[in-house]
Amino acid sequence: MVRIGVIGGAGYVGLVTGVGLASLGHKTVLMDIDQSRLEMLRNAKSANYEEGLEPLLAQLIQDDWISFTASQSEAVEDSEAVFIAVGTPSLDSGAADLSAVITVAEQLRDQISGYTVIVVKSTVPVGTLDVITDILSRNLKEGVDFDVVSNPEFLREASGLVDFFAPSRVIVGSGSEKARNILRDIYAPLLAHRTVVEIDFIDSNREIPYIETDAVSAQLTKYAANAFLATRISFINEIAGLSEKVGGNIKDIIAGLELDPRIGPGYLQPGIGFGGPCLDKDLRALVQVADDHSYEPVLFNGVLHRNKLQLRDVFNKISYALGPGLYQKRIALLGLAFKEGTNDVRHSLSIKLFRELREQGATVIGHDSLAMAEATELEPDLKVSSELDSVLRGADLVVVMNSDELYRNIDWTELGFSHELPFVIDTRGVLDQNSLQKAGIKYQILGG
Ligand SMILES: NC(=O)c1ccc[n+]([C@@H]2O[C@H](COP(=O)([O-])OP(=O)(O)OC[C@H]3O[C@@H](n4cnc5c(N)ncnc54)[C@H](O)[C@@H]3O)[C@@H](O)[C@H]2O)c1
């Protein structure tokens, strides 16, 4: 058992990490500056929707494996390892905003006692671990020692817990054997599939790859992974655009691509582009790191450029379908979070599209299975309704933004439209085309 503090413990990564570490049998204190989220967590409620999280939280609280505090010193004072999971959003320049990480490090300097491992979970550019080390080294108290380790996070929102307990890999970046030993202790139960609470989706036959490397490589691996995923998305979007021009069928093209073992499946679904809290931000930060080192990131710039064009293309399709002027046109936006299965609306391209449509005078009605409250908190002007049928019936045009099962299962023939049929744009290729055709609805799928 290792005593662990998690700073930023009420955030997406901090919470899943904290719950995961506590489930492995480590006494874990989650610290955050967000008092209202902490209060919810004390009652086993999470503001971030993650399947299975709340029951697990309730169990860990009851068994006294996990606790919560707004005081960083309380989370740090008895901890042998302190995980930093605060946000690193984009600055206007594209560089990562490290202010929260630096604030945490400055306080840590006075709070750590004895030997402490500082584990950086936040996605931070190469060089940040040196910055943290410099801050902690200044006026260090007698008898206090530390190591700073990179342990990048690869979880996907909406499958965060599965990704914690059955990760594709765990990466630990550090040159210190002492720190590596503590990280091995922390992750040993995970690698042995041993938990103090019952986790039903653990596959105990699967070996979890555990990679030890230097801190620079660990940090760069995280950025490389996100850059690669973003590249696949821009790649398939570009192929889909071309397919549309030449009369191809993108579904068949994808089927033919992903069966190639050198290409494989995943992240080959055309859409409005990549949004959300990570891909765009991390790719822009990577471009900034390359610029700082006088290295021209031609590929990454191209990936970002294609991504920008995607949203414009969808907007143009909407304008084209509705004729001149969007004023007072009713547009149904299906899917408001940045993807299905989450209530996270940060940098959601649906919200961006809503803003552009509103600017042109359109009336937008949004629908989402999980994120309607979060979307209206961000955009109070956005009208939403949980009555999917009535959202569809009243619309001049419907845009499907994510692949929620609910949208896949719409039976368009059953809707009973009383006025003109809407035009449908399916940006994810998820709708039942037979049903659309039977209902006599005109539709367009990205990629043809
Ligand atoms: N969300 C993801 O899917 C994901 C996946 C992998 C990596 N990451 C990375 O993990 C990091 C965290 O991302 P997130 O999505 O969890 O962000 P988040 O905004 O959900 O969480 C950050 C948390 O840090 C807290 N915080 C900010 N300043 C603080 C301080 N000084 N002291 C204590 N708490 C503080 C905030 O209140 C918030 O609860 C980022 O670097 C991100 O790039 C995110």
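Let's start at the ligand. In this predicted model, 25 residues surround the ligand. The closest are G8, G11, Y12, V13 and S122. Which helices feed that shell with at least two residues each? Helix α1, residues 12-23, does, and so does α5, residues 99-111. By class, the shell has 13 nonpolar residues, eight polar and four charged.

Now step back to the whole chain. We have 17 helices and 14 strands. The C-alpha atoms fill a box of roughly 75 × 50 × 45 Å along the principal axes. The radius of gyration is 24 Å, which agrees with the value near 22 Å for a compact globule of 448 residues. Of those 448 residues, 44% count as buried. On contacts, take pairs at least 6 apart in sequence. Of these, 72% join residues at least 24 apart.

Next, the domains. The chain splits into domain 1, residues 4-213, and domain 2, residues 214-448. Their centres, taken over C-alpha atoms, are 32 Å apart. Domain 1 puts 24 residues into the contact, and domain 2 puts in 23. What gives the most on the domain 1 side? Strand β7, residues 170-173, with three residues. That side of domain 1 divides into 13 nonpolar, 10 polar and one charged.

On to a helix in domain 2. Helix α12 runs from 298 to 322, 25 residues in total. From first C-alpha to last, α12 reaches 37 Å, close to the 36 Å expected at 1.5 Å a residue. Its buried residues are V303, L304, R306, N307, Q310, V314 and I318. Look at the spacing in that list. An α-helix has 3.6 residues a turn, so residues three or four places apart point the same way. And what do the buried residues of α12 pack against? Two of the partners are helices α9, at 215-246, and α11, at 279-292. Strand β9, at 330-334, and helix α13, at 349-359, are also on the list. Strands β12, at 397-400, and β13, at 423-426, complete it. Just after α12 comes G323, with a positive phi of about 80°.

Helix α13 deserves its own slide. Buried in α13 are L349, S350, I351, L353, F354 and L357. The cover over them includes α12 and β9, along with β10, at 363-367, and α14, at 372-378. After α13 comes G361, again a glycine with positive phi, this one near 90°.

Positive phi also turns up outside glycine. H193 has a phi near 55°. H193 sits in the loop between α8, residues 177-191, and β8, residues 210-213. Buried or exposed? H193 counts as partly exposed, because 16 C-beta neighbours lie inside 10 Å. H347 also has a positive phi, about 55°, and is not a glycine. Its loop runs between β9 and α13. With 18 other C-beta atoms within 10 Å, H347 is partly exposed too.

One last residue: V246, in helix α9. Why does V246 count as exposed? Because V246 has just 7 other C-beta atoms within 10 Å, and the exposed class takes 12 or fewer. V246 and I441 are 195 residues apart in sequence. In space, their C-alpha atoms are 23 Å apart.

Key: Residues are numbered from 1 along each chain as its sequence is written. This is a predicted model: local features need pLDDT of at least 70, side-chain atom pairs count only at pLDDT 80 or more; totals for chains, interfaces and linings use all residues. Helices (H or I, at least four residues) and strands (E, at least two) are DSSP runs, numbered from the N terminus. The expected span of a helix is 1.5 Å times one less than its number of residues. A residue is buried if 20 or more other C-beta atoms lie within 10 Å of its own, exposed if 12 or fewer, and partly exposed in between; C-beta atoms are placed from the backbone. Two residues are in contact if their C-beta atoms, placed from the backbone, lie within 7 Å. Domain bounds come from an automatic or database domain assignment. Ala, Val, Leu, Ile, Met, Phe, Trp, Tyr, Cys and Pro count as nonpolar, Asp, Glu, Lys and Arg as charged, and the others, Gly among them, as polar. A residue is near a molecule or strand if its C-beta atom, placed from the backbone, lies within 6 Å of it. The radius of gyration is taken over C-alpha atoms; the globule rule is 2.2 Å times the number of residues to the power 0.38.
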